[in-house]
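Hi there,

Here is the structure I promised to pass on. Have a look at it first, and then read my notes below.

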Amino acid sequence: MKSEKKHLHIVSVLTEFIATLRNVILPAGLGFIAGLRHFSDYLGYILLIPLVLAVFDFLKWLRLTYEITDEHFHLQSGVLVRNDRYIRINRIQSVQIRTNILLRLFGLVQLKLDTADPASRGDITLSVLTKKEAGRIQRAIGHGKEQLAAEDSLEAVPAEQPAAPVKRFVLSGKDLWMAALTSSNIGIIGVLLALFSQVDDVIPDSVWGSSVDYFSHLPITLLVFLVAALVLLLWLISLFVTMLRWGGFRLTVTGGQWFIHKGILQTKDETYKTDRVQAIRIRQQLLQQLFGYCTVYAELSGSVDGENRDEGSVLVYPFVCIKQLPDFLEEIIPRFAGQMDVRRIPLRGILYGTARPLLFLTVAAGVLTWFFSWGKWLWLILPPIAGWIYSCYYSRGCRLRNNRFVLTGRFLSKSTVITLTRHLQTFSRKRSPLQRQIGLGNFRVMIRSSAPRAYRVNQMASEDTESLMNRLRNHSVKD
């Protein structure tokens with residue numbers, strides 16, 4: 001059975017035009033502002049560029065067609081160079097449907113097909129489709145028959161009830177608020193710092209100089225208050241953005257698939273086969289640890305949407321009580337469920353791991369105290385740093401039960417990784433001469449996922465690393 005060739009919705013010309021303007025014109029804006037006195041010389045080019053881009057985007061839309069056969073998804077594209085792509089239907093591992101404010105005005109969505117190949121080579125994105133057409137494509141490639149999580153956002157033809165049981169988890173308003181409150185961060189500071197580095201190209205020197213002079217004469221207590229207020233403001237902004245991103249979160253589990261819906265202004269509907277899951281990662285940020293909650297991620301094989309915050313990971317559920325986590329995993333993916341306790345590294349390993357960076361910091365503080373009067377203040381921060389490093393090593397450990405491997409660690413947030421021995425790509429141990437003398441070693445595993453990740457447990461007892469190596473080798477032979 002072969003469908004007729006179809007174009008994207010004509011609105012894709014508008015969305016492509018806007019995206020091109022954003023990616024091409026806006027980055028060049030600072031250059032135009034810097035040369036504003038030559039604006040009259042540039043005016044003709046400024047007016048010509050949008051026209052050329054609009055014509056090119058229309059030709060891209062005209063030349064892009066797709067069709068579905070019994071075995072392939074066929075995509076033809078390219079204005080100057082023609083590109084024919086055939087992707088086997090059985091290679092399409094997940095489907096994502098998303099929309100934003102602009103697409104909502106026209107009742108349209110974007111559809112992305114993730115394949116078993118890396119995203120740079122195998123993925124297909126159909127930028128603008130009607131909801132009905134997106135539902136038809138889902139059903140045609142076998143991902144739409146049980147799409148219960150997207151029932152409110154797709155106008156699909158009703159299908160028969162699946163024989164497999166349906167389990168649905170909905171993030172309530174209270175849980176959304178707590179999830180955003182405990183998971184938000186101030187990563188937006190990086191964006192502000194990037195803008196700050198360009199500020200002297202836009203703001204006149206006289207204004208910039210007077211502003212710096214004004215703040216340099218403020219009392220230190222007032223400056224600390226202003227910095228704290230800025231950090232709080234950025235955190236509140238991040239809180240608001242997190243709530244928009246996770247609003248309406250729903251996870252539906254049925255027939256060996258996860259259907260995930262999330263977002264308020266920009267909604268996303270994602271479909272993942274659970275047999276792609278290589279590991280479950282439990283993440284607890286500082287506030288989540290305080291209140292006893294966590295966020296659940298999954299490491300998948302094949303391609304994963306590169307827009308995810310953790311490349312190669314999928315957010316499975318943003319807010320789970322840590323006491324209810326074993327039951328939650330039993331519901332959504334039973335093969336990874338079970339006990340999560342680990343064998344922690346020995347006390348000598350904790351002390352050795354803490355002493356190494358602390359020795360360097362002590363020497364640095366001594367040198368700075370010798371040359372600078374303000375260096376003596378550095379000694380005040382050494383005790384809390386030592387306590388923090390100690391807590392990081394105290395949280396580390398791992399345990400192998402049957403074919404289930406659990407690792408824990410901490411930096412700022414605490415992470416617990418659950419995987420199976422058959423999903424381990426490599427495992428190794430490493431010991432320095434000093435570690436041999438005190439009976440310690442480092443253990444490292446790499447998980448076979450779309451973005452291979454290495455996890456380490458440093459300063460383990462030597463006998464534990466030897467036991468793990470032997471047991472994992474035996475499991476490898478059996479697999």
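**Cysteines**

Please keep in mind that this is a predicted model. The number of disulfides in the structure is 0. Cys294, for one, takes part in no disulfide: the nearest cysteine sulfur belongs to Cys321 and lies 8.0 Å away. A disulfide needs the two sulfur atoms within 2.5 Å, so a separation of that kind does not count. Cys294 is also buried, because its relative accessible area is 0%. Cys398 has a relative accessibility of 5%, so Cys398 counts as buried as well, the cut-off being under 20%.

**Helix 12**

Next, you may like to turn to helix 12, which covers residues 325-332. Which of its residues are buried? They are Leu325, Phe328, Leu329 and Ile332. Looking down the axis of helix 12, you will find these buried residues within an arc of 95°, so they line one face of the helix.

**Gly439**

Finally, a glycine to click on. Gly439 sits in the loop that links helix 15 (433-438) with strand 19 (440-447). Is Gly439 buried or exposed? With a relative accessible area of 17%, Gly439 is buried, since the limit for buried is under 20%.

What does Gly439 touch, apart from its neighbours within four places in sequence? Its contacts are Arg348, Met460, Ala461 and Ser462. For one of these, Met460, there is also a backbone distance: the C-alpha atoms of Gly439 and Met460 are 8.4 Å apart, while the two residues are separated by 21 residues along the chain.

Best wishes

Conventions
Residues are numbered from 1 along each chain as its sequence is written. This is a predicted model: local features need pLDDT of at least 70, side-chain atom pairs count only at pLDDT 80 or more; totals for chains, interfaces and linings use all residues. Side-chain values use heavy atoms; hydrogens and water are left out. Buried means under 20% relative accessible area, exposed over 50%, partly exposed in between (1.4 Å probe, protein chains only). Helices (H or I, at least four residues) and strands (E, at least two) are DSSP runs, numbered from the N terminus. The arc is that of the directions from the helix axis to the C-beta atoms. Contact means heavy atoms within 4.5 Å.
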